[in-house]
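This report looks at how the parts of one protein chain are arranged in space. Please keep the sequence and the 3D view open while reading.

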Amino acid sequence: MFARAAGVLAASAMLTFLTACAPNPVDAGAVDAIQDGREIAEAQCGHCHAPGPEGDSPRADAPPFRTILARYRADTLTEELISGIKLGHPDMPLFELNPQGADSLVAYLKSIQEPPVPAGATTPN
Ligand code: HEC
C-alpha cells in the first residue's frame, strides 16, 4: 500500500520534472498545431492538393499547398475553413473545420510556404 503510493508520487514527481524541463512550452504547442494541421491537410486535402513542401498536386488544377498563402490571406482562409470553405470551385467539397483545426491547418500551411512566411507576418494578398 505504502509502496504503491510512493510509486505514484515518484511518477508524478517525474512528470513535473519532465514538464519543467521542456525547452519552451509555447513552442511545443505550436509544433503540435503544425503537426495536427499536416494531418488534416494530408487526410482531407491531399487527394487533390500537394499537401507537403514538395511534389505536384494529384489534381493538376489544385494549387500545391506550399504556394497557397501567396494567393490567399491566412486570416481569410482560417475564417473560410471554419464557416465552410467556398472558394469558387465546384469540385472542391465543402469543408467545415472547428476553429482549432482551422488554426492548425493554417499554422501548418504557413510552415511550408515558398518563399517562407516570416513569423508573425500577415501575408500580402
Ligand atoms: C476534390 C479535390 C479537392 C479537395 C479534396 C480539396 N481541394 Fe482545394 N482546390 C481544388 C481545386 C481543383 C482548386 C482550384 C480550383 C480553382 O482555382 O478554381 C482548389 C483550390 C483551393 C484553394 C484556393 C487557391 C487559390 O489560389 O485560390 C484553397 C485555399 C484550397 N483549395 C484549400 C483546400 C483545403 C484547405 C482543403 C482541405 C480541407 C482542400 N482545398 C481540399 C480541389 C480540392
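## Where two helices meet

In this predicted model, Ala74, Leu77, Thr78, Leu81 and Ile82 of helix α4 are in contact with Pro99, Ala102, Asp103, Leu105, Val106, Leu109 and Lys110 of helix α5. Sorted by class, the residues in this contact of α4 with α5 are nine nonpolar, one polar and two charged. Helix α4 spans residues 74-83 and helix α5 spans residues 99-112, and their axes come within 9 Å of each other while crossing at roughly 145 degrees. The crossing in which α4 passes α5 is right-handed.

## The chain as a whole

The protein chain has five helices and zero strands, and its pattern, read along the sequence, is α-α-α-α-α. Of its 125 residues, 30% are buried. The accessible surface of the chain comes to about 8,300 Å², and carbon and sulfur atoms account for 63% of that surface. If one takes the contacts between residues at least 6 apart in sequence, 50% of them join residues that are at least 24 apart.

## The nonpolar core

In soluble globular proteins, nonpolar side chains tend to be buried together. The largest nonpolar core in this model has 16 residues, and the members that touch the most other members are Phe65, Leu77, Leu81 and Leu109. The elements that give two or more residues to this core are α2 (25-45), α3 (68-71), α4 and α5. Helix α5 supplies the largest share of this core, with six residues.

Leu77, Leu81 and Leu109 also appear among the residues through which α4 and α5 meet. Which residues of α4 are buried? They are Ala74, Leu77, Thr78, Glu80 and Leu81, and the buried residues of α4 pack against both α3 and α5.

## Residues inside and outside

Four residues can now be followed one by one, beginning with the helices. Glu79 lies in helix α4, and it counts as exposed because its relative accessibility is 54%, where exposed means over 50%. Gln100 lies in helix α5, and with a relative accessible area of 58% this residue is exposed as well.

The other two residues belong to loops. His49 is placed in the loop between α2 and α3, yet this residue is buried, with a relative accessible area of 9%. Is Gly84, in the loop between α4 and α5, buried or exposed? Gly84 counts as buried because its relative accessibility is 2%, and buried means under 20%. Gly84 comes just after α4, and there it takes a positive phi of about 105 degrees.

Each of these four residues can also be paired with a residue elsewhere along the chain, and the table sets the separation in sequence beside the distance between the two C-alpha atoms.

| Pair | Separation in sequence | C-alpha to C-alpha distance |
|---|---|---|
| His49 and Ala62 | 13 residues | 5.3 Å |
| Gly84 and Leu97 | 13 residues | 7.4 Å |
| Gln100 and Ile82 | 18 residues | 9.1 Å |
| Glu79 and Asp103 | 24 residues | 9.3 Å |

Two of these pairs can be read together with the contact described at the start. Asp103, whose C-alpha atom is 9.3 Å from that of Glu79, is one of the α5 residues that meet α4. Ile82, whose C-alpha atom is 9.1 Å from that of Gln100, is one of the α4 residues that meet α5.

## After the last helix

Beyond helix α5, the segment that follows contains Pro115. The peptide bond that joins Glu114 and Pro115 is cis, with an omega of about -5 degrees.

How values were computed. Residues numbered from 1 in each chain as written. Predicted model: local features only at pLDDT ≥ 70, side-chain atom pairs only at ≥ 80, totals over all residues. Heavy atoms only, no water. Axes fitted to C-alpha atoms, helices over the stretch in contact; angles between N-to-C directions. Left-handed = near helix turned anticlockwise from the far one by under 90°. Contact = heavy atoms within 4.5 Å. Nonpolar A, V, L, I, M, F, W, Y, C, P; charged D, E, K, R; others polar. Core = buried A, V, L, I, M, F, W, Y, C linked by side-chain atoms within 4.5 Å. Buried < 20%, exposed > 50% of the residue type's maximum accessible area, 1.4 Å probe, protein only. Areas by Shrake-Rupley, 256 points an atom, 1.4 Å probe, with all protein chains shown as cover.
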